[in-house]
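Grab a pencil and work through these exercises with the structure open beside you. Each one sets a task and then walks through a solution.

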Amino acid sequence: MSEQTPDNERTPMITPSEVLEHVYCPRFTWFMSVQNIPQHEETRFKVLKGREVHQRRATENRDYLRRKIGAVKREIEVYLASPVLRLRGIVDEVLWLNDGTMAPLDYKYTESRDAVFKTHETQIMMYAMLIREIYQQPVTRGFVAYVRNGNQLLEVPISEEKMAKVRLLIREIFDIINTGRLPSRTSSKLRCEDCCYKNICV
Ligand code: SF4
């Protein structure tokens, strides 16, 4: 990894899970990081990731997927941290492609599908930003492999516009953490129904 992005534990950094929770409802950020009230253990995204880590062992020999992508080199379960982006996380694979670019690859243990889940796309966007920042190499696409019932490999184009949206989300999160400001509720009332904060969220 580049010397320009040392992992400095004193620099506040958030994880892709925290960004996805914020997207789900900005008040999650406030309850967790301002009020310091943790979610139940069965947190949506963390548990999902936990299961994936467990099941990932079965995917370590998926060389044909990497060949399909045109990968010439890979690193597995890479911890990426950038104080510049204020982001840190572990990506399933960092790939070096035969066109001179690099790409993140993440495995998902859900059914095959035709399009990438929005949350998975956002996650890939964050890993792409981290790889670009840390390795100082171009990243034009990322990949999600849905491997529960087969090997559905989907490409995620990386765009400046989507990366700018992620940077905005990260700014919003740090703004809440730094000011303590109570953000708006989620626009979807359905989400409140099974929310662990519903009894204290006014
Ligand atoms: S109850 Fe609704 S608005 Fe409040 S934190 Fe939960 S999802 Fe967000």
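**Exercise 1. The sheet**

What is the order of the strands in the open sheet, and what kind of pairing does the sheet have?

*Solution.* Keep in mind that this is a predicted model.

Step 1: Line up the strands. The open sheet has five of them, in the order S1-S2-S3-S4-S5, and the pairing is mixed.

Step 2: Look at the ends. Strand S1 (71-82) and strand S5 (152-157) are the edge strands, each pairing on one side only.

Step 3: Check the twist. From one strand to the next, the twist averages 30 degrees.

**Exercise 2. The partners of S3**

Find out how S3 pairs with S2 and with S4.

*Solution.* Step 1: A bit of background helps here. Strands in a sheet pair through backbone hydrogen bonds, in either a parallel or an antiparallel way.

Step 2: Start with S2. Strand S2 (residues 87-97) and strand S3 (residues 102-108) run antiparallel and are joined by four bridges. One residue to look up is Glu93, whose bridge partner in S3 is Leu105.

Step 3: Check the turn. The hairpin of S2 and S3 has four residues between the strands, and Gly100 takes a positive phi near 90 degrees there.

Step 4: Move on to S4. S3 and S4 also have four bridges between them, but in the parallel sense. Leu105 turns up again: its bridge partner in S4 is Phe143.

**Exercise 3. The faces of S3**

Which residues of S3 are buried on one side, and which on the other?

*Solution.* Step 1: Recall the usual pattern. Side chains in a regular strand alternate between the two faces of the sheet.

Step 2: Sort the residues. Met102, Pro104, Asp106 and Lys108 are on one side, while Ala103, Leu105 and Tyr107 are on the other.

Step 3: Judge the cover. Both faces are covered, and seven of the seven residues in S3 are buried.

**Exercise 4. Helix H5 and the core**

Which element gives the largest share of the largest nonpolar core?

*Solution.* Step 1: Place the helix. Helix H5 (residues 118-135) lies across S1, S2, S3, strand S4 (141-146) and S5, and runs at about 145 degrees to S3.

Step 2: Find the best-connected members. The core has 44 residues, and Val19, Met126, Tyr127, Ala128, Met129, Leu130 and Ile131 touch the most other members.

Step 3: See who contributes. Helix H1 (16-24), H2, S1, S2, S3, H5, S4 and helix H6 (160-179) each give two or more residues to this core. H5 has the largest share, with nine residues.

Step 4: Zoom in on one member. Not counting residues up to four places away in sequence, Met129 touches Leu85, Leu87, Met163 and Val166.

Step 5: Take a look at H1 too. Seven of its nine residues are buried: Pro16, Glu18, Val19, Leu20, Glu21, His22 and Val23.

**Exercise 5. Three loop residues**

Are Arg86, Gln136 and Ile158 buried, partly exposed or exposed?

*Solution.* Step 1: Take Arg86, in the loop between S1 and S2. Arg86 has 16 C-beta neighbours inside 10 Å, so it counts as partly exposed. Its phi is positive, about 60 degrees, although Arg86 is not a glycine.

Step 2: Go to Gln136, in the loop between H5 and S4. Gln136 is exposed because there are 12 other C-beta atoms within 10 Å. Here too phi is positive, about 55 degrees, in a residue that is not a glycine.

Step 3: Compare with the background. Most residues other than glycine have a negative phi.

Step 4: Finish with Ile158, in the loop between S5 and H6. Ile158 is buried because it has 23 other C-beta atoms within 10 Å. Leaving aside neighbours within four places in sequence, its contacts include Met125, Ala128, Val139 and Met163. Arg141 is 17 residues away from Ile158 in sequence, yet 4.9 Å away in space, C-alpha to C-alpha.

**Exercise 6. Around the ligand**

How do the residues of the shell around the ligand divide into nonpolar, polar and charged?

*Solution.* Step 1: List the shell. The residues are Cys25, Arg27, Phe28, Arg185, Thr186, Arg191, Cys192, Cys195, Tyr197, Lys198 and Cys201.

Step 2: Match them to elements. Helix H2 (26-34) and helix H7 (190-193) are the elements that give two or more residues to the shell.

Step 3: Sort by type. Six are nonpolar, one is polar and four are charged.

How values were computed
Residues numbered from 1 in each chain as written. Predicted model: local features only at pLDDT ≥ 70, side-chain atom pairs only at ≥ 80, totals over all residues. Pairing = 2+ DSSP bridges. Axes fitted to C-alpha atoms, helices over the stretch in contact; angles between N-to-C directions. Contact = placed C-beta atoms within 7 Å. Near = placed C-beta within 6 Å. Nonpolar A, V, L, I, M, F, W, Y, C, P; charged D, E, K, R; others polar. Core = buried A, V, L, I, M, F, W, Y, C linked by C-beta atoms within 7 Å. Buried ≥ 20, exposed ≤ 12 C-beta atoms within 10 Å, placed from the backbone.
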